[in-house]
Amino acid sequence: MPNIFGLMNIGQSALFTQQKAIDITGNNIANVNTPGYSRQRLVIKQGSPVRVDSLTISTGVTSEPGIQRFYDQFLSAQLGNENESLGRWQAQKEALEKAELMFDEAGGMGLSSAMSEYWNGWQALSNNPSGVAERTTLISAGQYLSSVFNQTYNNISKLQQDIDTHVDGLVDKINGLTQQIADLNQKVTQVETNGQKANDFRDERDQLVFELSKLININSYEDGDGNLGIDTENGKPLVQGTSTWDLLTADNGGVQDVYWQDSSGTNVNITSNISSGELKGWIETRDVHLNNYLTQLDNLANTLRTSVNGAHNAGFDLNGNAGLDFFTGTGAVDLSVNAAIVADTDLIAAAGAGEGLPGGNAAAMTIANLQNSATMPGGSTFDEYYNALVGTVGADVQAADFSSGHQESMVQGLENYRQQVSGVSLDEEMVNLVKFQHAYNAAAKLITTADEMLDEILALAR
Amino acid sequence: MRVTNKMMADNITAHLFRQSGQMARTQEHIITGKRINRASDDPAGISSVLSYRKTIAGLEQYNDNITKAKLHIDTVDSVLGMVGELLREAKEIAYDTAPDMRAEMAVEVAALREQVLQMANYQLDGKYVFNGDTTDTAPYSAAPWTYGLDTGSKDVTIGENLSVSITADGSAIFGPNGNNVFDILDRLETALNTANAPAIEAEIAELDTAVDRINTVRTQNAGIYKRLEATENHYSYFKVNVEEMLSKTEDADIAEAIIDFQVQKTAYESTLSTSAMVLQKSLIDFLR
């Protein structure tokens, strides 16, 4: 037989449960803009009825101890993967765009025009082999060409050093993130041993893993206790339970390489194993793309130097002596016009063998013609070789730009899916709020009704 | 499909960034007037642009070379023209039409020889034009008027691996040592002074040969001059063509860019206005 106090209990359980539901709704609303927040919901269920004799007595409403968290494991993993590529291409794009600026060709101030000026200088000299003005102009053109070579090379080397600094910073950031993840592992397991759900810690931990995935390629897996383990390439663990393994950087042949420190303190070089993330983007740009540009600049400078010197040695200067080396140096970085020639313009060898002085110009014409000779390996002229290099730089930037754009849309698309599942909709929360508020009001009304009923009963006894 | 607030906000910002990025790019085209502002704008295009620029710089230098070569030939031609005139005057004298004036004629021939010597030692821009590559030394001195320094020619580059040679060898122009124009005029002077009629007349043929030699060089030079002019003309057309190709490759079509910009601006503005509407309203506004 139902009693009035039972009614009071039902009302009380309803008040508590609806209030808790409003509480969670409020939390959802409060976290509408929190990155990585997954919306939560109170799992409400009917109270277990009490059966006495042939009667069933309802006990109202109750809720599960664990609060439901809307979360898609698969989407998170995929998002992590795409985020790794996004990091890689964004880093590469940023670095290559800087390198592109070093080849100031679109503005017409780069190596291409410096070379044209230099070859034209030789032609002008061949028109007037004894002209002091022509000789001085040629030397300035040679010095300008050398300085553009030096500068371009140095700028790209400098960029490689900047990338080293970036790599150092990234490794610090990775170590910080893995430490935080290990700390959160501890918190999650502590909370969840009591049968509760550590939704907030999990959200925070997932967000950190998402950030980490942008920096380096990782695999993550959860064990039965709620610990999240994280490995990087080749199964090298970064986080296991509450332990972490640090990454560190050290100089290796002039560049900062990335090392993984095992439990015994031994450093393992994992630079070439890093396959994605910003770390990969920076390292690949530094070690592959920029090195390639430097090598090609060196090739160009070396071939230019040796072929000009060869022709210049075969010529004769105004004093009738065989030409000295016009250029000195060992590559693009230290190419310069021979100081002796700079000091004495008479030492420019314009005349060819057997020609009279000072009007002989065969050597000058031979050198000027080098511009159009297929001197470079692969049978291209200096200009063609350099133009191809500029084209390569442009294509590299374009590829990185295209890939990072593509990855951005991928990540955004997946983020949208994640938001569909986990995101907070204010409209939905408002509907819930109204719904729970009405239920709360009705429960209060129930208690008032029970109270009035009690009053009636007590009045009878008066 | 659940549409959440963050989704809407993220999508709106992503689209606005994309659209403003496009507008910035189009605007760059309009401001710079160039379609290629960095190598990555068109990696294949930038290679062509550099190659066109190199060609234009090369053509400018070739034209400069040609102008200088033409000046040289012009100068040489007028000098040799004058030498021809002087030699013809000497030939008139060699016909020996007024035997009683031989002594005066001898003086005139000596004067002619000095004039020819001056012409043979002509300097253009401070450089002797008839002494091969030894442009700093006079090819002929006073008697015995021996030319012995240099047989080089004046070579000028007029194109990729193309050059012309202008004769600068004095002995090829004024005759071999021992029988050059000065020797002939000297012999004529002596013959006039000694009233040796057969010797005087003998120099007529020699003078003819000397004039022929000079005319041959002038004809050769004229041929080179024509070639230079033809090349120059060709280059002026060629340069215009290359410049046109360069412009087509690197310059932006401003009209097209402005239309693009208008289209992008309209899209951007509609995104802004619809976003404002979508973001402002929620159920809260209606729960009063």
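This is a dialogue on how to read helix packing and a chain contact in a predicted model.

Visitor: Where should I begin with helix packing, and at what angle do α3(A) and α4(A) pack?

Guide: It helps to start from the general picture: an α-helix has 3.6 residues a turn, so residues three or four places apart point the same way. In this predicted model, helix α3 (residues 111-127) of chain A packs against helix α4 (residues 132-192) of chain A at an angle of about 160°, and their axes are 9 Å apart. Because angles over 145 degrees count as roughly antiparallel, α3(A) is roughly antiparallel to α4(A), and the crossing of α3(A) and α4(A) is left-handed.

Visitor: Which residues of α3(A) and α4(A) meet?

Guide: On the α3(A) side they include Leu111(A), Ala114(A), Met115(A), Tyr118(A), Trp122(A) and Leu125(A), while among those on the α4(A) side are Leu138(A), Ala141(A), Leu145(A), Val148(A), Phe149(A) and Thr152(A). Sorted by class, the contact of α3(A) with α4(A) has 13 nonpolar, four polar and three charged residues.

Visitor: How do α6(A) and α8(A) pack, and which residues meet there?

Guide: The angle between α6(A) and helix α8 (residues 362-369) of chain A is about 165°, with the axes 9 Å apart, and α6(A) is therefore roughly antiparallel to α8(A). The crossing of α6(A) and α8(A) is right-handed. Val308(A), Ala311(A), His312(A) and Ala314(A) in α6(A) meet Ala363(A), Thr366(A) and Ile367(A) in α8(A); by class, these residues are five nonpolar and two polar, with no charged residue.

Visitor: What span should α6(A) have, and where does α6(A) bend?

Guide: The check multiplies a rise per residue into an expected span and compares that with the distance between the end C-alpha atoms. Helix α6 (residues 277-314) of chain A has 38 residues, which at 1.5 Å a residue should span 56 Å, and its end C-alpha atoms are 54 Å apart, which agrees. A separate reading is the local bend, which for α6(A) is about 35° at Thr285(A).

Visitor: How far does α2(B) reach from its first C-alpha to its last?

Guide: With 52 residues, α2(B) reaches 75 Å, close to the 76 Å expected at 1.5 Å a residue. Just after α2(B), Asp96(B) takes a positive phi of about 60°.

Visitor: How many residues does each chain give to the contact between chains A and B?

Guide: The size of an interface is often given as the accessible area lost when the parts come together. Here the description is a count of residues, with 46 from chain B and 51 from chain A. On the side of chain B that touches chain A, the elements that give two or more residues are α1 (5-32), α2 (43-94) and β3 (154-159) of chain B, and the largest share, 13 residues, comes from α2(B). That side of chain B divides into 16 nonpolar, 17 polar and 13 charged residues.

Visitor: At what angle does α2(B) pack with α9(A), and which residues make the contact?

Guide: Helix α9 (residues 382-422) of chain A and α2(B) pack at an angle of about 155°, with their axes 7 Å apart, and α9(A) and α2(B) are therefore roughly antiparallel to each other. The crossing of α9(A) and α2(B) is right-handed. Among the contacting residues are Asp383(A), Asn387(A), Gly391(A), Gly394(A) and Gln398(A) of α9(A), together with Pro43(B), Ile46(B), Ser47(B), Leu50(B) and Lys54(B) of α2(B). By class, the contact of α9(A) with α2(B) has seven nonpolar, six polar and two charged residues.

Technical notes. Residues numbered from 1 in each chain as written. Chains lettered and ligands numbered in written order. Predicted model: local features only at pLDDT ≥ 70, side-chain atom pairs only at ≥ 80, totals over all residues. Axes fitted to C-alpha atoms, helices over the stretch in contact; angles between N-to-C directions. Helix = DSSP H or I, 4+ residues; strand = E, 2+ residues; numbered from the N terminus. Parallel < 35°, antiparallel > 145°, perpendicular 65-115°, else oblique. Left-handed = near helix turned anticlockwise from the far one by under 90°. Contact = placed C-beta atoms within 7 Å. Nonpolar A, V, L, I, M, F, W, Y, C, P; charged D, E, K, R; others polar. Expected span 1.5 Å × (residues − 1). Bend = angle between axes of the 7 residues up to and from the residue.
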